[in-house]
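Welcome to this tour, and please open your viewer with the cartoon and side chains ready to toggle. We will move from stop to stop, with a selection to make at each.

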Amino acid sequence: MPTVYTRDQVAEHNSKESGWLIINNGVYDVSDFYDDHPGGRDILLAHIGTDATEGFEAVNHSRGAVRRLEKLKVGELPENERRRYITLEQVAAKKSAAGAWLVIHNKVYDVTPFLDLHPGGRDILLYSAGGDATQAFTDNGHSDTAYQMMGKYVVGDLEPSERKTLVNRKATGAKQAATTQMLHVKNENASLLLHIQEQLRLLMALALFVIAGVFLLS
């Protein structure tokens, strides 16, 4: 039986001398791994004493890194504090107004009570229910307030083996903004080009008119 540590006990190990963190319900002592961590010691120090699952999953770690992590394991969370993992098959069974679940950034949400409260209407939620709505959610540029509201509807985490690499929504938002700006500039340039072409056509027509007049008078 693995040693069991509560989240409060893990939180006590939040120093450079004794740094523990939680990943997928496992408890890990990374105190001697700071200087060996490929991503640098600061990223580990920022997460010690906490649940670092999201941060870990956001990086596409190699199998070697996962094996190395297992060597640092000192225990697990108690059953009543463990994350609830849900499979895509379980999510797929919840795709109606009677029970609507969807996945966003590897978390599973029960949006059934939110159907009639959604600013965009219930149909768009029901359309995505039963599947992964991360791309649709990200593409629609939701506000920070929307992200904060989502917390109350979380029912669990997607099964680790079925997760996708997390999308950095701020980076994605910046990319979308840059793309929008680029398209805006392109549209402005296209409009300017059309205007210039129209002016040139008018000038050519005027020149032909003048030439024709001179020819008739001569």
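**Stop 1: a strand pair**

Select residues 107-110, strand β7, together with β8: the two pair in the antiparallel sense over three bridges. Strands here are DSSP runs of E with at least two residues, helices are runs of H or I with at least four residues, and both are numbered from the N terminus. Two strands count as paired if DSSP finds at least two bridges between them. Now show tyrosine 109, which stands opposite valine 154 in β8.

Before going on, note that this is a predicted model, in which local features need pLDDT of at least 70 and side-chain atom pairs count only at pLDDT 80 or more, while totals for chains, interfaces and linings use all residues. Residues are numbered from 1 along each chain as its sequence is written, and side-chain values use heavy atoms, with hydrogens and water left out.

**Stop 2: the rest of that sheet**

Add β4 (residues 85-86), which runs parallel to β8 (residues 154-158) and is joined to it by two bridges. Tyrosine 85 has aspartate 157 as its bridge partner in β8. Next add β5 and β6, an antiparallel pair with two bridges; serine 96 stands opposite glycine 99 in β6. You now have an open sheet of five strands in the order β4-β8-β7-β6-β5, with mixed pairing. The edges are β4 and β5 (95-96), each with a single partner strand, so one side of each has no neighbour in the sheet.

**Stop 3: the largest nonpolar core**

Show Leu102, Ile104, Tyr109, Val111, Leu125 and Met150 as sticks: of the 14 residues in the largest nonpolar core, they touch the most other members. A nonpolar core is a set of buried Ala, Val, Leu, Ile, Met, Phe, Trp, Tyr and Cys residues joined through side-chain atoms within 4.5 Å. Buried means under 20% relative accessible area, exposed means over 50%, and partly exposed lies in between (1.4 Å probe, protein chains only). Both β6 (99-104) and α8 (144-150) supply at least two residues of this core, and the largest share, three residues, comes from β6.

Which residues does methionine 150 touch, not counting those up to four places away in sequence? They are Ile104, Tyr109 and Phe137, where a contact means heavy atoms within 4.5 Å. Apart from this core lies another, of 12 residues, among them Leu21, Tyr28, Leu44 and Ile48.

**Stop 4: the three-stranded sheet**

Move to the open sheet β1-β2-β3, whose pairing is antiparallel. Its edges are β1 (20-23) and β3 (73-76), each with a single partner strand, so one side of each is left without a neighbour in the sheet. From one strand to the next, the twist averages 30 degrees. Three bridges join β2 (residues 26-29) to β3, and tyrosine 28 stands opposite lysine 73 in β3.

Now add helix α4 (residues 63-71), which packs on this sheet, touching β1, β2 and β3, with its direction at about 75 degrees to that of β3. Axes are lines fitted to C-alpha atoms, for helices over the stretch in contact, and angles run from 0 to 180 degrees between N-to-C directions.

**Stop 5: salt bridges**

Stay on α4 and select arginine 68, which forms a salt bridge with aspartate 36, their closest N and O atoms being 3.9 Å apart. The term requires a side-chain nitrogen of Lys or Arg within 4 Å of a carboxyl oxygen of Asp or Glu. Aspartate 36 is in the loop between β2 and α2 (41-45), so the pair ties together parts that are 32 residues apart in sequence. Arginine 68 is partly exposed at 37% relative accessible area, and aspartate 36 is partly exposed at 48%.

Next, select aspartate 51 and arginine 83, a salt bridge with closest N and O atoms 3.1 Å apart. Is each partner buried or partly exposed? Aspartate 51 is partly exposed at 22% relative accessibility, whereas arginine 83 is buried at 14%. Widen the selection to Arg7, Asp51, Glu54, Arg83, Lys107 and Asp157, which are linked in a network of salt bridges.

**Last stop: the whole protein**

Zoom out to nine helices and eight strands. Buried residues make up 29% of the 218 residues, and the count of salt bridges comes to 12.
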